[in-house]
Amino acid sequence: AYVIAQPCVEVKDKACIDECPVDCIYEGPRMLYIHPDECVDCGACEPVCPVEAIFYEDDLPEQWSAFGPANAEVFETVGSPGGASATGPLGSDHPVVEGAPVLSV
Ligand code: F3S
Ligand code: F3S
């Protein structure tokens, strides 16, 4: 799956949402998350993010390695709803994101 990393924190451009054919990019209070089981690896979201926050999981930079598990674990309570727009925003961020500083770009 693809993963959203720290550059999204407090930026939340949301250009990625419009590109995703399966509506698997979910909004949290501080950033957005890609559902690892719903993402079909089409890669359409990756080039449109203006702050380059999106990576294929195997290409995630080392300093943001915690965001791989974070994009999965944030869905532990909601499971696999099958669509972000119908589900609405997530009520809380992953703990890794709650403490993450905003990166200047
Ligand atoms: Fe975030 Fe980039 Fe999408 S800033 S909301 S990952 S377009
Ligand atoms: Fe959607 Fe990006 Fe995956 S566009 S299907 S989240 S690679």
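**Two ligand shells and a buried cysteine**

Around ligand 1, the shell breaks down by class into ten nonpolar, no polar and three charged residues. Here Ala, Val, Leu, Ile, Met, Phe, Trp, Tyr, Cys and Pro count as nonpolar, Asp, Glu, Lys and Arg as charged, and the others, Gly among them, as polar. In total, 13 residues surround ligand 1, and the closest are Cys8, Asp13, Cys16, Cys49 and Ala53; a residue belongs to such a shell if its C-beta atom, placed from the backbone, lies within 6 Å of the molecule.

This is a predicted model, in which local features need pLDDT of at least 70, side-chain atom pairs count only at pLDDT 80 or more, and totals for chains, interfaces and linings use all residues. Residues are numbered from 1 along each chain as its sequence is written, while chains are lettered from A and ligands numbered from 1 in the order in which they are written. The protein averages a pLDDT of 97 (the predictor's confidence in each residue, from 0 to 100), and the complex gets an ipTM of 0.98 and a pTM of 0.97.

Now for ligand 2: 14 residues surround it, with Tyr2, Cys20, Cys39, Ala44 and Cys45 the closest. By class, that shell holds eleven nonpolar, one polar and two charged residues.

Then there's Cys24, which counts as buried because it has 24 C-beta neighbours inside 10 Å (20 or more means buried, 12 or fewer exposed, in between partly exposed, with C-beta atoms placed from the backbone). Cys24 and Val40 sit 16 residues apart in sequence and 8.9 Å apart in space, C-alpha to C-alpha.
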